[in-house]
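Thanks for coming. I have one structure to go through this morning, and I will take it pair by pair before the overall numbers.

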Amino acid sequence: MKFLLALIVSLYFIACSNSESFTPPVDETAVLPVIDTTEVSPASEDTVQNDSTQEIEGMLRLSGDKVMLGTNDKSFKANERPAMKVSLDYDFYMDIHEVTCGEYASIAKKAELKTFGKCENDSLPLTDITYYDAILFANAKSKIEERDTVYTYRSAIFDDEKHCTNLEGFAFHADVEGYRLPTEAEWVYATTLAWDTKNSWNNSNSEYKLHPVCSKDSNSAGFCDMAGNAMEWVNDWLGLFRDTTVSNYVGAPDGGDMGERIVKGGGYNSSVAELNPYSRGDVYTVTSSTRAEYVGFRLALGAIPNALWMNSDGNSTASIVTPIANSETVKNFTKSYNTKLAFRNDVNGKINYIDYSDGTLSVTELSNDINAYHPEISPDGEWVAFSTGYEGISGTSSVYVQSLDTENPSEPIKLNVKSAAIPRWRILENGDTAIVYVTDAGNNKDETAFKAASTWQVTFANGEFGTPQKLFDGAYHGGIHEDNSLAVSGARLLRARVSDKESIWYNSEQACNVSLAQDGSKRVAFLDFGGKTGKAFVGSNYATHQQILIADSTGKLIQTIKAPEGYTFDHSEWTTDGENTNIVATLTNVNGAHTKIVLINLIDSSIIDLAEGDELWHPNLWVKNIQKIIPTVEDSTEVDTTFHLDLDSAGMYYNTSGVYTRANILRYKMEMLWQYKDTANTVILGSSRTYRGVNPLLFSEPIFAVNLAVGGTIIHSNNEFFHNYVLPHYKNLKLLIISIDPDRGGNDGMNSENMFYEAYKSYPGYVYDKNHNYWKDEYPEGLFEATYNSPGPSKTANKHRPTRGFLADVAHGWGEPAVTTDSNWLDENFEIYQSNFNEFAQLLETCNENGITVIGVITPQNPRYNETSAFGRAGLRRSDMPRLIQEIADLNITYPNFILMDENNMGNHDYTDDMANDTDHLSEAGAAKLTHRLDSLIKTLDINFTE
């Protein structure tokens, strides 16, 4: 099936150096690494594991010192600047060359790894593999040599071609001595001794294909192909550099909103000028599931002591939090993707949270200097409240509220009272949102001290607190029922306030971490110290905090849940969306460290790991109570024949396990498709060139445009998308603006690389649409709302919703005229070009029949392509292009509804460097010029937009 979007996994590098050979900068005070190039046969496994100086066959040992990452050259990308000094104070090994097809096949056979398409010969680098494919290979090699595995995960997801597209619960353990990908710092460090672009396979000599490893002379250090041939995965998440010095740097703690990874070294399709050790990726996002036919990897070996991660704010840490369960797993428990987890990172005292609707599972740290405890997310999911005091500790405390909007961060808002601790949100009968708090959260065993404290509530709206109101004496910080008929507390004793009467439950035995369910059941969960009452109910002895005990509204025990082997519970709290109720808690290991946060299903007592780290405290899991979007029938006595949307499928255009790099963008384009179907009269389709080059907000009335273009698409997918989605639902459509990309489609894929050829099946929303004939017969009310409430990265939403789908890019200049495909491909693949041409003619015919004007835009590209033999990035001979462009323009003869707008003009255009984002994409300023020219052209056409 040809459909909607061909996601092209193209990874190329942009550089501004014209030198033939490049030597990366090294700190002049650094001691050169000690490299022993002797290759010996592997020693016995015992020797290999216990002797850190033992040489490993096929690898070189380096003794690290100092290296410089990034550059201060302003012509490079923002994420490649500034230069950052890294000190490596450990030894490690690195492969002499990329892992070959033969090496992979040998390990795969022994370890029962998935096998991929055949290489032409075993000496070629293994390429066209995902980051996760490389990780599984590294683990397999470690196991074969009886080493510990550096990477852990819960489960693996594979596509139809047997490539691993996601590892749920993926974690990197830097301190483990096993095979792994080299860090970016290690890889760049090796280039300080092994960088030679003169002896590299690049687009001037490679014939645009891979060559056997080390078929060019190895450099003086003994490494091969650090520059060119196959581009290489490294271990790190993509993060930002700072003008500072750090030790044992291993990248960012996660991939952020986009889940971005790093590739290095350039490939056989890179020019010599593009080859440099600074480049870290591509204009197209590189994620863990990305793969390309010129991207491979080499391995490293060696533990990294005191590894350091640096987040997007430039704050470094030796302790990171790793999400374990993905959004799909969490949704199976909570019944909603709209779930957020907040908790205290006790290593630095800050509140962290994970938004599971984002899918990428990035851990966000609230940036403030407040030592924060007991976070709780507001009912609307927009705020988090916390206190500076915590359960069991008496003394003065403060309560703060802070926004969870990372795009528009706010300072914490303090409740101006003498003392407040352990905030809990509630919705009052009048609909107001309020926070319940206590004046002191200390030990409640002493009756006098307990009653000296009190429980209060205060409203919170529009970022401001109201006037505090006292509810009753006693510090009932375990929760209050919505009608105030039950309140509980536990910080030595399980105290309850039932219908204004105070009592002590659980036979006055020691209890803590008391939490009242907010689902109306009045159940109370707590932990104990292996007391007599608990042991009698459980029927056996157990350790302190080994069981979560649950009592009913009278204090009678009704259920217990045992901690996993080797752990005990702490910080247990209820979580509910009003219908589904679970418990979230921390797990404490035998050394007393709170290393995991878990979610517990009360029905079957099953437990899933949510996150792991050094010290994770006070988890709070918020679940949005989404009302089912089902139209009602006025007369309930009649049979309900209204179509009911399945909210597990409707609008679910995003796979929370990742898989394809542009799926998160497409998810928001689908939202806009349904949002503007009744208002838009102009639709923008095409590739990333119109996605980033045409701003729908800049058209003058009566034009109302929406940009539904997505990077990576070719005419096949645009045609399918138009016929299945746009044409049936945009009844007011008068104008279609679409990119004309004659230089794309050769190596950009036809079927298997098209996301919707097979991969669309992993996205329930598209399958649901297809099974209902794309709603051509009748649009189901509520589909837009279901799409709006479905998962998707919030930062992507913030970029696209305000602009109706346009991506505003900053200017970096045109840079080097990169060419990633042999410009002669048309000679052998003319039938592909002709197929694209015919598809476009079919689209014009359909539009002509439906009274729709089509403007095809050839967007500006780097004017320096006129110094090459290629028309653009993806090839085609320049000498062929005037004829091909004229052939496209002549379609106007058959289809008078078509106008070709050539803004590139073979590079002879007036779009300057400050209007370019890269070699073939416009910046926001360039898009403004292009859009204004489109607007002027449209005014000359006979289009009645108000009809």
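In helix H8, Glu 671 and Arg 667 are four residues apart, so about one helical turn separates them. This is a predicted model, and that applies to everything I say here. The two residues form a salt bridge, with 2.8 Å between the closest N and O atoms. Buried or exposed, in the case of Glu 671? Glu 671 is buried, at a relative accessible area of 1%. Arg 667 is buried too, with a value of 0%. The cut-off for buried is under 20% relative accessible area, so Glu 671 at 1% and Arg 667 at 0% both qualify. As background, side chains of opposite charge can pair when their charged atoms come close.

That pair sits within one helix. The next one does not. Asp 648 and Lys 331 meet through their side chains in a salt bridge of 2.7 Å, N to O. Asp 648 is in the loop between strand S43 (616–623) and helix H8 (663–675), while Lys 331 belongs to helix H5 (residues 327–334), so the salt bridge ties together parts that are 317 residues apart in sequence. How do the two ends compare in exposure? Asp 648 counts as partly exposed, at 42% relative accessibility. Lys 331 is buried, with a relative accessible area of 11%.

Another pair of this kind is Arg 495 with Glu 447, whose side chains meet in a salt bridge of 2.9 Å, N to O. This pair also links distant parts of the chain: Arg 495 is in strand S33 (residues 494–498) and Glu 447 is in helix H6 (residues 447–452), with the two positions 48 residues apart in sequence. Arg 495 is buried, with a relative accessible area of 4%. Glu 447, at 34% relative accessibility, counts as partly exposed.

How many salt bridges does a search of the whole structure find? It finds 41. Some residues are joined in a network of salt bridges: Arg 689, Arg 692, Asp 741, Asp 809, Arg 873, Asp 918 and Asp 920.

Two of those network members, Asp 918 and Asp 920, bring me to Thr 919. Thr 919 is in the loop between strand S51 (916–918) and strand S52 (921–922). Its relative accessible area is 1%, so Thr 919 counts as buried. What is Thr 919 in contact with, leaving aside neighbours within four places in sequence? The list is Trp 814, Glu 816, Pro 817, Ala 818, Gln 861, Asn 862, Tyr 865 and Arg 873. Arg 873 also appears in the salt-bridge network. Trp 814 is 105 residues from Thr 919 along the chain, yet their C-alpha atoms are separated by 4.5 Å. The side chain of Thr 919 reaches the backbone oxygen of Glu 816 at 3.0 Å. There is also a polar contact of 3.4 Å between the side chains of Thr 919 and Tyr 865.

Now to a sheet. Three strands form an open sheet with mixed pairing, in the order S3-S4-S12. Strand S3 (66–69) and strand S12 (245–247) are the edge strands, each pairing on one side only. On average, neighbouring strands of this sheet are turned by 30 degrees against each other, direction ignored. Strand S4 (residues 84–87) and S12 run parallel and are joined by three bridges. Ser 87 has Ser 247 in S12 as its bridge partner. Helix H4 (residues 184–191) packs on the sheet and touches S3 and S4, its direction making about 105 degrees with that of S3.

Residue Glu 184 has a polar contact to report. The side chain of Arg 280 contacts the side chain of Glu 184 at 2.8 Å. Arg 280 is in the loop between strand S13 (261–264) and strand S14 (295–297). Arg 280 is buried, with a relative accessible area of 1%.

Last, the totals. The secondary structure comes to 18 helices and 52 strands. The protein has 947 residues, and 61% of them count as buried. Of the contacts between residues at least 6 apart in sequence, 68% join residues at least 24 apart. The exposed area is about 36300 Å², with carbon and sulfur atoms supplying 45% of it.

How values were computed
Residues numbered from 1 in each chain as written. Predicted model: local features only at pLDDT ≥ 70, side-chain atom pairs only at ≥ 80, totals over all residues. Heavy atoms only, no water. Pairing = 2+ DSSP bridges. Axes fitted to C-alpha atoms, helices over the stretch in contact; angles between N-to-C directions. Contact = heavy atoms within 4.5 Å. Buried < 20%, exposed > 50% of the residue type's maximum accessible area, 1.4 Å probe, protein only. Polar contact = N/O pair within 3.5 Å; in protein donor to acceptor, adjacent residues only side chain to side chain. Areas by Shrake-Rupley, 256 points an atom, 1.4 Å probe, with all protein chains shown as cover. Salt bridge = Lys/Arg side-chain N within 4 Å of Asp/Glu carboxyl O.
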